[in-house]
Every structure is written in structure tokens, then in C-alpha cells.
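Q: I'd like to learn how to read side-chain features in a model like this one. Could we go through them together?

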Amino acid sequence: MDFNDGYVSKEHRELHQSVSESADSVSISALQLSPKSPKSPKSPRSLKVQVKGSNWSPKNNRQSHSPKDGRPKKGGSGGKGTWGGLLDTDDMNSLDPNDPNYDSTEECDDLNSNEKKTNPALEEYKKKATIIVEEYFATDDVVSTMNELKEVGKPEYSYYFVKKLVSMSMDRHDKEKEMAAILLSALYADIIHPSQVYKGFTKLVESADDLIVDIPDTVDILALFIARAVVDDILPPAFLKKQIANLPIDSKGAEVLKKADKSYLTAPLHAEIIERRWGGSKNTTVDDVKARINNFLKEYVVSGDKKEAFRCIKDLKVPFFHHEIVKRALIMAMEKRQAETPLLDLLKEAAGEGFINTSQMSKGFSRLIDLVDDLSLDIPNAHGLLQKLMSKAASEGWLCVSSLKSLTIETEKNNSIQDNVARSFKTKSQSIIQEYFLSGDIFEVNSCLEQENKKNCGELNAIFVKKLITLAMDRKNREKEMASVLLSSLCFPPDDIVSGFVMLIESADDTALDNPVVVEDLAMFLARSVVDEVIAPQQLEEIGTQCLGQDSIGSKVLQMARSLLKARLAGERILRCWGGGGSSKPGWAIEDVKDMIGKLLEEYESGGDIREACRCMKELGMPFFHHEVVKKALVIIIEKKNERMWGLLKECFESGLITMNQMVKGFERVEEALDDLALDVPDAKNQFSFYVERAKNEGWLDSSFCFRNATENGTC
């Protein structure tokens, strides 16, 4: 190398010459460090020093076009007078396994870093996972989080969600830690595969040394998370032994596993201690919730603040236990008559606003029906009070009575009423019914009956049923239709209505003297009561046992009623018999109702809200015609394979909006139309067979239900 005078001193020139002469390829090679050695300092990829006056030119830097490796021998550090090899850390050089400083983990790190750089799908998943976790901590909505994670997909990256959820909660309060543990249990197996949960906790243990930099309590918190996962059965106990064998003894990950084992999982009563450590929802007992419900109901009765009451309901965070609120509110209303109005208003508005759904409302009333005999010991006339509450709730539209158990009143049935009371009630009943035929006011009828039959006596109810139908049979179709509508709106126990029909059949011979068509009229009223689900089909047999011979008028009435019910499309024909279509709005044609149901399902199918669909069905006021909903929904499911429509049927059945009787009728009607349906959908019969079995598993259909195609194939 030449140096011009004036740029380098004489001493430097002599030093350079001395070094150049003493340096050879062997000595330099012996000093050269591996390019990837952790001991070598980082340096620029290419160290080029151009000193003014040097003889460097582009042709001294030419690259070879040979297929062989064009890099200089020994990394360019073997030539005489060269120094670059000492500091060269060019990443393009491959690792040499024979090098004394070779470390295999470095090669893995390089591969992992390259994978991260070339895997945009994982990077995108990480962003979405972080957003989902943040939203979950803000909303505490497990179901919504599950749905969002399902929409994201990429199950092969689920381990990262586990790691992110736990690591983010570790730096927050106990509430978020408990929420994270609950969410992991909810996601396990259904949304996140067990192997991904295992891998996620493995990653957490491996990163414990990094986590402790930002979270000083990492060892204790992560140990508790692992112990909680074992207690919740989302991690196998063997996880601890397998992981500790793969970790350095002095690592934080090993310390975490040891603490999880010795401090938590081997302690006495460890499961209870671990579950209560963060004071989460699992620490709340049923008795605690009951006490809170009782307290806020008492406060509401005093203050009348509905907004505060609804806040308390929401804060409970137990929507599956809202039936307890209904039950306790009703008992309080029966015990304290002055509290009845505000408590019923609270339940009505809670149902309307969606704080308490229809299923929980019905369950609350059903639980009270089971307890009413015991309540009678402390609350006189508990049966009558409960019947009154049920009637009011049904008339206001926030209770579906058809989904409730029968409220039988044994005490009143065993006590025969006095003749003068019966005569007085008959006279007043006739006046109430005649007034109803003029006004059509069902609410007024209920109010008058509550005043005249305060004890809700079963015999008086039966007398009213007999008087209502007797007066209607002497009038036109309009009054007959109004009588049937009133009968389905009275909320009388089915046994009382059966008793009323028995009295009608027993007096049918005398009635025939004034009404020649008594058999046809009475049979139609009886069939209509079955279609309206006022009485059950099996109760026809109970009525039949009261008939006095095969040739009696009562026997003829029952025979005709059975024939009417067995006819094809019996429900529609019976509903149209008096021209009212079964609606409280006389004049509705059955085709209009069908059209409304069709539009309702179309709107729901195109993205409508399930609550809105149920509300519209309820507003139709035709629970006896819900088999049409089942039929149309099934046809849509078979034609379009629309699972969303199946979800509507499930919600309707579970909430009591569609009864099993209506569900069976709907399936039977689809079966009758299968041949026509198969013209458009070739596999309609196979699909129908599949959905029948599915409905049986859901509990919608009795196990004995079978259709003819399955019978012909010998599968039923």
C-alpha cells in the first residue's frame, strides 16, 4: 500500500511495513473468530477504509462469474497484509458446526426470526388476539369473545391467544386474572384444541425470564395460573414434570413449576384455595346470590327506583338464575299486598326490556306453582293469589301460560260449595258473559271473575265454563268465536275446564231439546279447546269416562270431536269454523296469519334479531297455531340448509313459546308435504329424517315419533 507524503508520518509508515511483513495466512487464521461467535463484537458488514492517495480502483473489487463460491478464501482474512477477518461478522456466512464456538441454538434462532419475518398470517393473528383480549377485559362477555375468536379462525395459532390472555392479565387486577381463567375454561376443547392450550402454557413458562422484567410477581402469578389450569382440567398434572425436565435448573420457568407444585397443588384443600384466590365468580355461592336478590327487592319496594333495581339485576351476572328473582318477587307480592303493584310492574318492565327472558319468567312461575301448597300454610288463599297474578301477567302479555304447569287446587275441590253461592255465581256469570259479548273486553271479564271468585274455586270456574259455552251455542258464529277466544285467555286450570265440559255433556240431553245441533256445536267447542291447547288431547278420554253409554249424546259429542281432530289439516279447519281465525281480532283470515308468519321468518332469515322474532310471534296471540311456524321454518331449513332457523326453533321451544304439542304438529305437517317438497329438493326425505332425530335429541319430539318413510325402510 502506498502513502503519499504529507498524509502519513514516517513512524506510521514503518509500523505498517513491520506488520505487513510479519503477518502470514497461518497466523491470521489462528486469530480469526467465528463470524457468529457470541464473543465477537458486532461490526459493519464490510469495513472499507479509503485513504486519500491509495491505489484502490473498481477493478480491484470485481466479482467472479464462476459457479463456485465467489467469496475470498478464509473469508478474505488469509491474504498477506489483510486485517478484515478479525472483525468481519457478515451474516451471509453460514455457521460452521466444526467451529469451537458453534452453538446450535443460534441457528434455530435465525430460523425462528426468519419465520417471523416471512409469516404475515401470524403477525395478523397477534394483532387480532390482542384486540379481542382487550375487549374481553372491558366487556366481560365470554360468549361474544368465543364467537370473535371463532371468526378469526387460524386454530394453529391458538397457543398465542392463550399466552397473550394470561400474560396481559398478569399485569392487571385480580378481576382480570379471574376473567382470564374463566375464559380459558370456556374456550377449552370447543374453540381451542387441548394441544394448543398445552403449547400456550409451555410458551409462558419458557418466557418467564422475560416476563419478570416487567412483572416482578411473575413466578407467583404464573404458578397460580398453571395450578388453576390443572384444577380446571385444562392442563394435565403431568405438564409440570415434563416441562421442568426441559428447562435449566436456575431458570425462572423451573421456579414457576416448582412453586405451582409445592405451594398450590400439594396443599390441603388446594382446589378451593386456588379457585378463591382471585375472588372470582366461582367464589359466589347460591346463598349469597339469593340474599342479594332479597335485599334489592326490599329496597325497590321502599324506593320504587326501577333503574337501580335493573342495575342490581345486571350486576348479579347470573342470567341463568333470574327465575329466583321472579319467584321471590311473586312471594313478596303475595305476602305484602301493598307491594303487589310495584313488584308486578318491575317484572313486566324487566321482561319488556330483556333483563329477564321469557324462559326464566316461566321457570319462576313454575317454581312457585310447585311451592304453592307449602305457601298456603303461611299465606291464606295462596292458590287464589297465584292464579290472580298469573292471569294478570298473561293478560298484559309478559307471561306465556301455555308453558306452565297446571295449577291444581286440591283444597277447593274437596270442599263442596254451597248451593246459594253457586246460584248467585251463575246469575252474575250470565251478566258478565252477556256484557262481554257486547264489549269484547277480556280484561274486564278477568277483573269481574277475580271479584266474584276471590278464592279461585274450581267448581265456580267449571260453572263459568258451562255457562259461557251454553250461552254462546244459542247465538251466532261471532259469539261462538268470542267464547273460544275468552276460554283460551282465562288461565283457568285445565282440570277446571274439563269439569266444565263434563257438566255440559251431562246436561246435553236437556240442551238438545232447545238446540237441535248441540252435538255439532259442543263437539266443535271441545275440538277447538284442544287446538287452542286449553285442554290436553288425553283429557278427552277423561271426559269420555263421564258418558253414560254408547248411544248417549255425550258419546256422540266425543266421537265427533275425535273425528274433527283426526281430519287432515284439522287445526286450520277448526280455527276457521266460526270465521275468526282463532284471533282475538275477529275477522282475521287464516291466510292472513300464514302470511304474517311467513314475513316474520323471512325477516329473521335475512339477518333479523331472534328476540324481535319471538316478540312478533307472541304478539300474534295464536299459540295454538305455532305449528305453522314450525312447518315453515323446517321447510326453509330443508330447502336452504339454514342452521340459523334451527336456532330460532330451539329458542322458541326452550322459552316455552312453542310447546311440544305444536312442535309435533309442525313436523307432522311437513311429513305430509314431503312428496311435494321432494320435487324441488331431491334429498328432502333424508334431510327430514335427520332433523327428526335431531329434534328427538333436543327433546322437542317424543322418542316414539316416527314418519312413514322411516317405517317403510324399517328404521323406525
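A: Let's begin with a term we'll need throughout: buried means under 20% relative accessible area, exposed over 50%, and partly exposed in between. Keep in mind that this is a predicted model.

Q: Which class does arginine 694 fall into?
A: With a relative accessible area of 22%, arginine 694 is partly exposed, because that value lies between the two cut-offs. Its salt-bridge partner is glutamate 643, with 2.9 Å from N to O. Arginine 694 sits in helix α37 and glutamate 643 in helix α34, so this bridge ties together parts 51 residues apart in sequence. Glutamate 643 is partly exposed too, at 42%.

Q: What's the general idea behind such pairs, and how many salt bridges does the structure hold?
A: Side chains of opposite charge can pair when their charged atoms come close. Here there are 22 salt bridges. Some share partners: Glu324, Lys327, Arg328 and Arg367 are joined that way into one network.

Q: Where do glutamate 255 and lysine 252 lie?
A: Both are in helix α12 (residues 252-265), 3 residues apart, or about one turn of the helix. Their side chains meet in a salt bridge of 3.5 Å, N to O. Glutamate 255 has 38% relative accessibility, so it counts as partly exposed; lysine 252, at 27%, is partly exposed as well.

Q: And are arginine 528 and glutamate 481 buried or exposed?
A: Arginine 528 and glutamate 481 are both buried. They form a salt bridge at 3.0 Å, N to O. This one links distant parts of the chain, with arginine 528 in helix α27 (residues 518-531) and glutamate 481 in helix α24 (residues 477-489), 47 residues apart.

Q: Let's move to rings. What describes an aromatic pair?
A: You describe a pair of aromatic rings by the distance of the centres and the angle of the planes. Searching the whole structure turns up 11 aromatic pairs. Take phenylalanine 365 and tryptophan 398: the ring centres are 6.2 Å apart and the planes at 55°, so we call the pair tilted. Phenylalanine 365 belongs to helix α18 (residues 358-375), while tryptophan 398 is in the loop between α19 (382-396) and α20 (410-414), 33 residues apart. Both residues are buried.

Q: How many degrees are there between the planes of tryptophan 646 and tryptophan 700?
A: There are 25° between them, and the centres are 4.5 Å apart, which makes the pair stacked. Tryptophan 646 lies in helix α34 (residues 643-654) and tryptophan 700 in the loop between α37 (684-698) and α38 (708-712), so the stack ties together parts 54 residues apart in sequence. Tryptophan 646 has 2% relative accessibility and therefore counts as buried; tryptophan 700, at 1%, is buried too. These two tryptophans also belong to a cluster, where ring pairs link Trp646, Phe653, Phe690, Tyr691 and Trp700.

Q: What sits over the ring of tyrosine 159?
A: That's the charged end of lysine 199, 4.1 Å from the ring centre. Another case is arginine 644, which lies over the face of tyrosine 604 at 4.3 Å from the ring centre.

Q: How many disulfides are there?
A: The count is 0 disulfides. For cysteine 616, the closest cysteine sulfur is in cysteine 614, at 9.3 Å, which is too far for a bond because a disulfide needs the sulfurs within 2.5 Å. Cysteine 616 counts as partly exposed, at 24% relative accessibility. By contrast, cysteine 457 has 7% and counts as buried.

Q: Now the nonpolar side. Which residues of the largest nonpolar core touch the most other members?
A: In soluble globular proteins, nonpolar side chains tend to be buried together. The largest nonpolar core here has 95 residues, and Phe464, Ile469, Phe501, Leu526, Ile543, Leu601 and Phe667 touch the most other members. Helix α27 gives the most to this core, with 10 residues. At least three residues come from each of domain 3 (416-575) and domain 4 (590-698).

Q: To finish, is aspartate 510 buried or exposed?
A: Aspartate 510 is exposed, with a relative accessible area of 55%. You'll find aspartate 510 in helix α26 (residues 508-514). Aspartate 510 and isoleucine 553 are 43 residues apart in sequence, and their C-alpha atoms are 10.0 Å apart in space.

Note on methods
Residues are numbered from 1 along each chain as its sequence is written. This is a predicted model: local features need pLDDT of at least 70, side-chain atom pairs count only at pLDDT 80 or more; totals for chains, interfaces and linings use all residues. Side-chain values use heavy atoms; hydrogens and water are left out. Rings of Phe, Tyr and Trp (its six-membered ring) pair if their centres lie within 6.5 Å; planes under 30 degrees apart count as stacked, over 60 as edge-to-face and the rest as tilted. Helices (H or I, at least four residues) and strands (E, at least two) are DSSP runs, numbered from the N terminus. Buried means under 20% relative accessible area, exposed over 50%, partly exposed in between (1.4 Å probe, protein chains only). A charge sits over a ring if NZ of Lys or CZ of Arg is within 6 Å of the ring centre and within 35 degrees of the ring normal. A salt bridge is a side-chain nitrogen of Lys or Arg within 4 Å of a carboxyl oxygen of Asp or Glu. A nonpolar core is a set of buried Ala, Val, Leu, Ile, Met, Phe, Trp, Tyr and Cys residues joined through side-chain atoms within 4.5 Å. Domain bounds come from an automatic or database domain assignment.
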